[in-house]
Amino acid sequence: MTEPRVHRDPAFALLSLYETALPEVYGYLLSRCGDRTLAEELTSETFLGAVRACRKEFAPPVSTGWLIGVARHKLADHWRRKAREERGLRLVHEEEYTDPWDERLDALLAREVLASLGAHHQAALTLRYVDGLPVAEVAEHLERTVHATEALLVRARSAFRRAYQEKEGRDA
């Protein structure tokens, strides 16, 4: 009688990378969302998603960079869910974009203001200006057309500017 063959789980490739990749993935998420609990949840979702992806027939090569990409998708998914919830709770008045804003921003104040914006604005601004993605990739992550994403970015910049100037005026 022959013994059944044991196949190695392809997700084991993550184990060798886990200890070094975990702080990178968590740091990436924390720096973008500013919430430890959320960053921990999204890090967990990232690794669970990576395990599922590794078990697929044509799994991508496992690397820290690939895990950061998975984390970016998990964060974008979170922002999309949050934006849907916010849309369900209230209507947002959309304003047209005005002239470019050339002032120098205080980094801590900018983070605080960004965190105060709606999820859809946070997502668009973070993917475009923090991650440096082109508008087409931002659109892909947010599951929008390029035109709709450009309009969202205009509204998000306007909302950010307004909130920043209000906060700056109160703190002065």
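What share of the 172 residues of the protein counts as buried? The figure is 38%, and the views below show where some of that burial sits. Keep in mind that this is a predicted model.

**View 1. The whole chain is a run of helices.** The protein has seven helices and zero strands. Read from the N terminus, the order of elements is α-α-α-α-α-α-α. Contacts reach a long way along the chain: among those with a separation of 6 or more, 69% link residues 24 or more positions apart.

**View 2. Here is how confidence varies over the model.** The mean pLDDT of the protein is 83, and 82% of the residues reach at least 70. Then there is the stretch to treat with care: residues 91-102 have a pLDDT below 50, although the model still gives this stretch 15 contacts beyond near neighbours in sequence. For the helices, confidence is highest in H6 (residues 135-142), at a mean of 92, and lowest in H3 (residues 64-89), at 85.

**View 3. This one zooms in on the largest nonpolar core.** It holds 43 residues, and Leu29, Leu67 and Phe160 have the most contacts inside it. Helices H1 (12-33), H2 (36-54), H3, H4 (107-116), H5 (119-130), H6 and H7 (146-171) each supply two or more residues. H3 gives the most, with eight residues.

**View 4. Next up is the packing of H1 against H2.** Two packed helices are described by the angle between their axes and the distance between the axes. For H1 and H2 the angle is about 140 degrees, and the axes lie 9 Å apart. An angle over 145 would count as roughly antiparallel, so H1 and H2 are classed as oblique to each other. Their crossing is right-handed. On the H1 side, the residues that meet H2 include Leu14, Tyr18, Leu22, Val25, Leu29 and Cys33. The H2 residues on the other side of this contact include Arg36, Leu38, Glu40, Leu42, Phe47, Val51 and Cys54.

**View 5. Leucine 75 sits in helix H3.** Is this residue buried or exposed? Leucine 75 has a relative accessible area of 2%, which means it is buried. Leaving aside residues up to four places away in sequence, leucine 75 touches Leu29, Arg32, Cys33 and Leu42. Two of these names, Leu29 and Cys33, also turn up on H1 where it meets H2, while Leu42 is on the H2 side of that contact. There is a link over a longer stretch of sequence to look at as well: leucine 75 and alanine 123 are 48 residues apart along the chain, with their C-alpha atoms 8.2 Å apart in space.

**View 6. Helix H5 is mostly covered.** Nine of its twelve residues are buried. Alanine 123 is one of them, and the others include polar-named entries such as His120, His121, Gln122 and Thr126 alongside Leu125 and Leu127. After H5 comes glycine 132, with a positive phi near 75 degrees.

**View 7. Glutamate 143 takes a positive phi in a loop.** Most residues other than glycine have a negative phi. Glutamate 143 is not a glycine, yet its phi is about 55 degrees. Where is glutamate 143 placed? Its place is the loop between H6 and H7. With 62% relative accessibility, glutamate 143 counts as exposed.

Definitions and conventions: Residues are numbered from 1 along each chain as its sequence is written. This is a predicted model: local features need pLDDT of at least 70, side-chain atom pairs count only at pLDDT 80 or more; totals for chains, interfaces and linings use all residues. Side-chain values use heavy atoms; hydrogens and water are left out. pLDDT is the predictor's confidence in each residue, from 0 to 100. Helices (H or I, at least four residues) and strands (E, at least two) are DSSP runs, numbered from the N terminus. Contact means heavy atoms within 4.5 Å. A nonpolar core is a set of buried Ala, Val, Leu, Ile, Met, Phe, Trp, Tyr and Cys residues joined through side-chain atoms within 4.5 Å. Buried means under 20% relative accessible area, exposed over 50%, partly exposed in between (1.4 Å probe, protein chains only). Axes are lines fitted to C-alpha atoms, for helices over the stretch in contact, and angles run from 0 to 180 degrees between N-to-C directions. Angles under 35 degrees count as roughly parallel, over 145 as roughly antiparallel, 65 to 115 as roughly perpendicular and the rest as oblique. A crossing is left-handed if the near helix is turned anticlockwise from the far one by less than a right angle, and right-handed if clockwise.
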